[in-house]
Amino acid sequence: MSEMVERVARAMLDSEPTWTGEHWDDDRRLTVREFLESTHLQDAIEVIARDAARAAIEAMREPTDGMVDAGYHRAKPYLGTETMAQAYRAMITAALGEGE
């Protein structure tokens, strides 16, 4: 498996969901059965998926040497390897909505 796939998988597994109890109407704690039978499960899954996606994209922020090399060979007449890496990081930052 590629270095990037391993990096992304590790980041997704290690991500800490931001889901809290604010997704239901009252402050009481739900039992597992109540939670599973409610619509809150879908809300939690969506938040967890979004957080895992963000963690995955953040893990991809630093390109692997192989990625920089592949990009450099494609754009060799125009860019150097460091410029290629900087452009890649800028694209990841934009994907995360951080460069706005």
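# Close-up views

**View A. Threonine 81 is part of helix α5.** The model shown here is predicted. Threonine 81 has a relative accessible area of 40%, and this value lies between the 20% and 50% limits, so the residue counts as partly exposed. Apart from residues within four places of it in sequence, threonine 81 is in contact with Val68 and Tyr72. Its C-alpha atom is separated by 8.0 Å from that of glycine 71, and the two residues are 10 residues apart along the chain.

**View B. Glycine 71 belongs to helix α4.** Is glycine 71 buried or exposed? Its relative accessibility is 18%, which is under the 20% limit, so glycine 71 counts as buried. Tyrosine 88 is 17 residues away from glycine 71 along the chain, and the C-alpha atoms of these two residues are separated by 9.2 Å.

**View C. Helices α4 and α5 pack against each other.** Two packed helices are described by two values, the angle between their axes and the distance between the axes. Helix α4 covers residues 65–75 and helix α5 covers residues 81–95. For this pair the angle is about 110°, and the axes are 9 Å apart. An angle of 65 to 115 degrees counts as roughly perpendicular, and α4 and α5 are therefore described in that way. Their crossing is right-handed. Which residues make the contact? On the α4 side they are Met67, Val68, Gly71, Tyr72 and Ala75. On the α5 side they are Thr81, Met84, Ala85 and Tyr88. Sorted by type, the residues of this contact are 7 nonpolar and 2 polar, with no charged residue.

**View D. The largest nonpolar core has 9 residues in all.** Its members are Met4, Val8, Ala11, Ala55, Ala56, Ala59, Tyr88, Ile92 and Leu96. Helices α1 (3–14), α3 (40–59) and α5 each contribute at least two residues to this core. Tyr88 is one of the core residues, and Tyr88 is also one of the α5 residues in the contact with α4. Alanine 55, another member of the core, is in contact with Ala11 and Ser15 when its neighbours within four places in sequence are left aside.

**View E. Alanine 56 sits in helix α3.** Alanine 56 has a relative accessibility of 10%, so it counts as buried. If residues up to four places away in sequence are not counted, alanine 56 touches Val8 and Met12. The C-alpha atoms of alanine 56 and leucine 13 are separated by 9.3 Å, although these residues are 43 residues apart along the chain.

**View F. Alanine 9 is placed in helix α1.** With a relative accessible area of 32%, alanine 9 is partly exposed. How many residues apart along the chain are alanine 9 and alanine 56? They are 47 residues apart, and their C-alpha atoms are separated by 7.2 Å.

**View G. Arginine 7 is another residue of helix α1.** Arginine 7 has a relative accessible area of 18%, so it is buried. Its contacts, leaving aside neighbours within four places in sequence, are with Ala59, Glu62 and Thr64. Of these, Ala59 also appears in the list of core residues.

**View H. The whole protein has 5 helices and 0 strands.** Along the sequence, the elements follow the pattern α-α-α-α-α. The protein has 100 residues, and buried residues make up 25% of them. Among contacts with a separation of 6 or more, 68% are between residues 24 or more positions apart.

Note on methods: Residues are numbered from 1 along each chain as its sequence is written. This is a predicted model: local features need pLDDT of at least 70, side-chain atom pairs count only at pLDDT 80 or more; totals for chains, interfaces and linings use all residues. Side-chain values use heavy atoms; hydrogens and water are left out. Axes are lines fitted to C-alpha atoms, for helices over the stretch in contact, and angles run from 0 to 180 degrees between N-to-C directions. Helices (H or I, at least four residues) and strands (E, at least two) are DSSP runs, numbered from the N terminus. Angles under 35 degrees count as roughly parallel, over 145 as roughly antiparallel, 65 to 115 as roughly perpendicular and the rest as oblique. A crossing is left-handed if the near helix is turned anticlockwise from the far one by less than a right angle, and right-handed if clockwise. Contact means heavy atoms within 4.5 Å. Ala, Val, Leu, Ile, Met, Phe, Trp, Tyr, Cys and Pro count as nonpolar, Asp, Glu, Lys and Arg as charged, and the others, Gly among them, as polar. A nonpolar core is a set of buried Ala, Val, Leu, Ile, Met, Phe, Trp, Tyr and Cys residues joined through side-chain atoms within 4.5 Å. Buried means under 20% relative accessible area, exposed over 50%, partly exposed in between (1.4 Å probe, protein chains only).
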